[in-house]
Amino acid sequence: MPLLVDLAEVSESDLPLVGGKASKLGELVRQGLPIPPGFVVTTEAYQAFVDQTALRQEIPAALAAIDVAKPETIEASSQRIRSAFESAEFPPDLERVIREAYEHYVRRHSVRFSAVRSSATAEDLEGASFAGLQETYLNVTGTDQILTAVKKCWGSLFTPRVLVYRQKKGFDHANVRLAVLVQKMVDSVVSGILFTRDPNTGENHMIVEAGFGLGEAIVGGEVTPDHYVVDGVSLKVVHKQLSEQKIRIVRADGGGNRREEVPAAERRAQKLPDHRLSQLVSLARLIESHYRRPMDVEWCGDVESLYIVQARPVTTIPTSTAPGATAERASGEGKAEAGPILRGFGASPGIATGIARILHGAAEMEKLKAGEVLVTSMTTPDMVPAMSQASAIVTDEGGMTCHAAIVSRELGVPCVVGTREATATLTDGMEVTVDGKAGLVFKGAAPRAKRAPAPSAGAAAVSGGGHPHAGVPVTATKIYVNVGVPEKAEEYAHLPVSGVGLLRIEFIFTAHVREHPLALLKKGKKEELVRRLAEGVGKVCQAFAPRPVIIRTSDFKTNEYRGMPGGAEFEPNEENPMIGWRGCSRYISPVYKPAFLAELEAIHRVRTEMGLRNAMVMLPFVRNTWELEEIAEMMRAQGLRRSRDFQLYLMAEVPSTVLLAREFSKHCDGFSIGSNDLTQLVLGADRDSETLGRMGYFDERDPAVQRAISLLIEGAHAEGRTVGICGQGPSVYPEFAEFLVREGIDSISLNADTVVSTIRTIASLEQRMKLQSLRTRG
């Protein structure tokens, strides 16, 4: 494995080698987004440094001395490890490689100053961002200074705050490694943070915060930034709150940072002009579209351009935003005085009552007792141990993207930031109630709020009772849900899934259109047909946005179409409709083509007029590549062109798609296995035959079917395409699920009632495979 790698050569699959920050930025470089150039000192280099120095013995010994109940042991062990990193000499070969790489990078990109940034294998993950916990050094210049900064970054893997956070999030200290990203430094005149979804409520609008100078002043809570809210559908600015900024952090003349006063005339100015805000929002939409999930984006801009310097999943969107959903944290039974005594930004939802404890920095953390309300000017990463014990947090400074806000949301602690005067208004020992959603602080204790309403009977049935996310493990294999009728979308959207893996548009025909599409077209009712389809598809896309919804275009067989009102006029009688006029063969037929074009127009309307860009298309029963070429032309004519923003998938049901997987890959972004049709065509066993079914012929676990699936995955992955499956086999047969996971299936789409149980099965399989792999290596 390489000791160094160019950032432009990195993708997200390289996370174990380059860490979370670098893997995501490298992925975005590949997508054409503006990322400052750089290179990565990999985790292999980190491991080589540790193995060839005294750190090999020092780290395990220091970690073994930690008693989590005794904070002083955490501090002592941390200091021991970091001192060992800084005093250790670079092995000569490793030092030479880094020096040569840095000098080449400086010449190639005309670099004078660099940012040296930690990139750990356990950071920027869903559920644990490690926001601001590992070190970054800005405006570093010269080879010797780069080498020193790299060692300090490595050592920051073991600061007290990181050790505490890792313990709380369940990461094994011994298994975490750290890469270091060296990037060209942007001479920032403005910088900030953007959430593509409201991290507090999950609502579909972007939160943008901006300030003059380097972003460290915002993240550290030294300044209260401008706050912009952008509607997620129209992309219009719906709220602006401009803040006065008195100081900013800028580059010092010889390197490093310095603080300077903002000229009085500029302090209240809008930090990010409207045209640059629009550019930033467009970049953020591309990032969210690529990752298909809400993202937390750090950005900066010089006098000419905007740049993305970090992107990670939003780890804190609440599973319920109903009033009082987290109000059980409130401990008081008294009554709060009417009217808030402080107002700020609601940064982490929930209601809590406790004794206010004012801290003037990390040195006073010991003053805070468990269950008290932490009140401070602004939290710092060093204060994470205290934050984890607090019942709520209130700060003078900061916005929804500052350190206090991000960490509070991850810890599940109600938080109000940017009150401006909490440390002056509140007094030590005062009882207060903090409403982290509304951004309010009240004097006194609030009565225990009512719990959120129980989920509907349908939702309870889906989840097994309670909220479907509770206690559900995370899997490497993506899990999607199949949606039959749009009316269930709102309910199913609460499931812990990555999106909709199969929305059959023919079900919308039967539930919303209720007439053969060609019959409606013959009556001149095209607009009615398109409108009804768009309404049905849009309802599902709206419920799941921004998660992708994969819409399979119509795949009725002739016998099924004939049964629809008006169908007999257009449908022939076929002896074997299962392998007759269905799927793509319909779309290129002059008879049915107008109906297919209406489907495409409806999907295009959902994506454009409704602004739901999460609508994707999947074509069923594909037989040949030449029919795909004709269909692709029809789609382009309807405004549906393959891009980063719009993916096209193929159902893998016919053996020709398996045997020619690499050829078909040139026409799509991925495949979804239709196991029923694939089984019947591989085995020559009519899926509707009761006789063959009773005799055991129809079985997707048959070795021939499994061999076909293996060939498809191998061929698709060789071309960089994904493979999923949208059948119930994995939920019915655990051994079939294990086969799919071992073969490297990318995703599984399930009926709603089996989602949670199948996630647990797959998580168990993945864990067992991981343990087996470790034993094999050992």
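The charged end of R586 sits over the ring of Y592, 5.0 Å from its centre. R586 also has its charged end over the ring of W581, 4.0 Å from the centre of that ring. A charge sits over a ring if NZ of Lys or CZ of Arg is within 6 Å of the ring centre and within 35 degrees of the ring normal.

This is a predicted model, in which local features need pLDDT of at least 70 and side-chain atom pairs count only at pLDDT 80 or more, while totals for chains, interfaces and linings use all residues. Residues are numbered from 1 along each chain as its sequence is written, and side-chain values use heavy atoms, with hydrogens and water left out.

The structure holds eleven aromatic pairs. Rings of Phe, Tyr and Trp (its six-membered ring) pair if their centres lie within 6.5 Å; planes under 30 degrees apart count as stacked, over 60 as edge-to-face and the rest as tilted. Two of the pairs are listed here.

| Pair | Centre to centre | Angle between planes | Type |
|---|---|---|---|
| F39 and Y105 | 5.3 Å | 70 degrees | edge-to-face |
| F49 and W154 | 4.9 Å | 40 degrees | tilted |

The pair of F39 and Y105 links distant parts of the chain, 66 residues apart: F39 is in strand β2 (residues 38-41) and Y105 in helix α5 (residues 92-109). Helices (H or I, at least four residues) and strands (E, at least two) are DSSP runs, numbered from the N terminus. F39 is buried, with a relative accessible area of 5%, and Y105 is buried at 3%. Buried means under 20% relative accessible area, exposed over 50%, and partly exposed in between (1.4 Å probe, protein chains only).

F49 in helix α2 (residues 43-51) and W154 in helix α6 (residues 143-155) are 105 residues apart. Both F49 and W154 are buried. They belong to one aromatic cluster with Y46, F85, F90 and F158.

Helix α5, which holds Y105, has 18 residues and reaches 26 Å from its first C-alpha to its last, close to the expected 26 Å (1.5 Å times one less than its number of residues). Its residues L94, I98, Y102 and Y105 are buried. Seen down the axis of α5, the buried residues fall within an arc of 65 degrees (taken from the directions from the axis to the C-beta atoms), so they line one face of the helix. An α-helix has 3.6 residues a turn, so residues three or four places apart point the same way. On the other side of α5, P92, D93, R107 and R108 are exposed.

The buried residues of α5 pack against elements including β1 (4-6), β3 (114-120) and β5 (178-184), with contact meaning heavy atoms within 4.5 Å. After α5 comes S110, whose phi is positive, near 50 degrees.
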